[in-house]
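Let's take a walk through this fold, piece by piece. Have the viewer open and follow along.

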Amino acid sequence: MSIHIFMAAYKRVWEAKDPAGFAALFTPDGLYHNTPFQVQSGPQELAAYWERILLQDDILLSYKVLGATENGGVAHWNVTYQVTSEELFQIWASSTGTGLPDRHPGDPLPRMELDGTLLAELDDQGLATTVRIWWHSMPQPTAQ
């Protein structure tokens with residue numbers, strides 16, 4: 001599998017909200033560095049981490065492969081989604097290191113935008129041995 005095929009599968013499992021499909025993109029001991037300081041390894045950890053995707057709706061992911069090697073590559077990705085639960089909003093707020101945007105009880109949950117870069121190392125069968133992502137996120141402006 002090339003980085004092009006990997007990114008198409010990454011898009012598919014994110015938009016389909018598919019934790020098992022996400023874990024299946026990796027070798028049994030594959031590593032997913034979702035930040036420089038957090039890593040998930042193995043099918044159970046990978047699927048458990050990806051379950052937060054179930055708290056997103058109307059997911060739209062785009063990507064562009066920036067460089068490819070024989071066993072991996074680098075891609076730029078952008079995703080938008082509707083937050084569907086206060087739990088996910090709190091996860092986002094605590095992971096960004098920034099304060100919560102102005103929101104009052106009962107206000108609608110925001111649509112989020114994440115923009116990032118992905119570096120993938122793939123084995124001979126095209127499964128990820130290591131994936132590192134660097135990203136930033138922000139709520140999209142609400143219509144007035």
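Helix 3, residues 42-50, lies across strand 1 and strand 2, and the helix runs at about 40° to strand 1. Keep in mind that this is a predicted model, so read every value here as computed from predicted coordinates.

The other helix to pick out is helix 1, residues 3-15. Helix 1 lies across strand 1 (26-35), strand 3, strand 4, strand 5 and strand 6 (128-139). Against strand 3, helix 1 runs at about 170°.

Now step back to the whole chain. The secondary structure adds up to 4 helices and 6 strands. Going along the sequence, you meet them in the pattern α-α-β-β-α-β-β-α-β-β. Of the 144 residues in the chain, 42% are buried. Take the contacts between residues at least 6 apart in sequence: 62% of them join residues at least 24 apart. As for the surface, the chain exposes about 7800 Å², with carbon and sulfur atoms supplying 56% of that area.

How are the strands ordered in the sheet? The 6 strands form an open sheet in the order 2-1-6-5-4-3, with mixed pairing. Strand 2 (38-41) and strand 3 (56-69) are the edge strands, each pairing on one side only. On average, neighbouring strands of this sheet are turned by 20° against each other, direction ignored. As a reminder, strands of a sheet pair through backbone hydrogen bonds, either parallel or antiparallel. Strand 3 and strand 4 (residues 72-83) run antiparallel and are joined by 11 bridges. To see one bridge, look at Asp57, whose bridge partner in strand 4 is Gln82.

Next, zoom in on Leu118, which sits in strand 5 (residues 111-122). Is Leu118 buried or exposed? Leu118 has a relative accessible area of 0%, so it counts as buried. Leaving out residues up to four places away in sequence, Leu118 touches a long list of residues, including Ile3, Phe6, Met7 and Tyr10. That list also includes Gly73, Val74, Ala75 and Trp77, as well as Val131, Arg132 and Ile133. For Ile133, 15 residues away along the chain, the C-alpha separation from Leu118 is 4.4 Å.

Leu118 also takes us into the nonpolar core. In soluble globular proteins, nonpolar side chains tend to be buried together. The largest nonpolar core here has 36 residues, and the members that touch the most other members are Phe6, Tyr10, Trp14, Tyr32 and Leu118. Which element gives this core its largest share? That is helix 1, with 7 residues.

Tyr10 is a good bridge to the aromatic side of the story. Not counting residues up to four places away in sequence, Tyr10 touches Phe22, Leu25, Tyr32, Trp50, Leu118 and Ile133. Across the whole structure, a search finds 13 aromatic pairs. A pair of aromatic rings is described by the distance of the centres and the angle of the planes. For Tyr10 and Phe22, those values are 6.5 Å centre to centre and 50° between the planes, a tilted pair. Tyr10 lies in helix 1 and Phe22 in helix 2 (residues 19-23), so this pair ties together parts that are 12 residues apart in sequence. Both Tyr10 and Phe22 are buried.

A second pair to look at is Tyr32 with Trp50. Their rings are edge-to-face, 6.2 Å centre to centre with 80° between the planes. This pair links distant parts of the chain, since Tyr32 is in strand 1 and Trp50 in helix 3, 18 residues apart. Tyr32 counts as buried because its relative accessibility is 1%, and Trp50 counts as buried because its relative accessibility is 2%.

Phe22 deserves one more look. Its relative accessibility is 0%, so Phe22 counts as buried. Setting aside neighbours within four places in sequence, Phe22 is in contact with Tyr10, Val13, Tyr32, Leu46 and Trp50. Between Phe22 and Tyr49, 27 residues apart in sequence, the C-alpha to C-alpha distance is 9.7 Å. To finish, select Phe6, Tyr10, Trp14, Phe22, Phe26, Tyr32, Tyr49, Trp50 and Trp77 together: these residues form one aromatic cluster.

Key
Residues are numbered from 1 along each chain as its sequence is written. This is a predicted model: local features need pLDDT of at least 70, side-chain atom pairs count only at pLDDT 80 or more; totals for chains, interfaces and linings use all residues. Side-chain values use heavy atoms; hydrogens and water are left out. Helices (H or I, at least four residues) and strands (E, at least two) are DSSP runs, numbered from the N terminus. Buried means under 20% relative accessible area, exposed over 50%, partly exposed in between (1.4 Å probe, protein chains only). Contact means heavy atoms within 4.5 Å. Two strands pair if DSSP finds at least two bridges between them. Axes are lines fitted to C-alpha atoms, for helices over the stretch in contact, and angles run from 0 to 180 degrees between N-to-C directions. Accessible areas come from the Shrake-Rupley method with a 1.4 Å probe; for residues, only the protein chains shown count as cover. Rings of Phe, Tyr and Trp (its six-membered ring) pair if their centres lie within 6.5 Å; planes under 30 degrees apart count as stacked, over 60 as edge-to-face and the rest as tilted. A nonpolar core is a set of buried Ala, Val, Leu, Ile, Met, Phe, Trp, Tyr and Cys residues joined through side-chain atoms within 4.5 Å.
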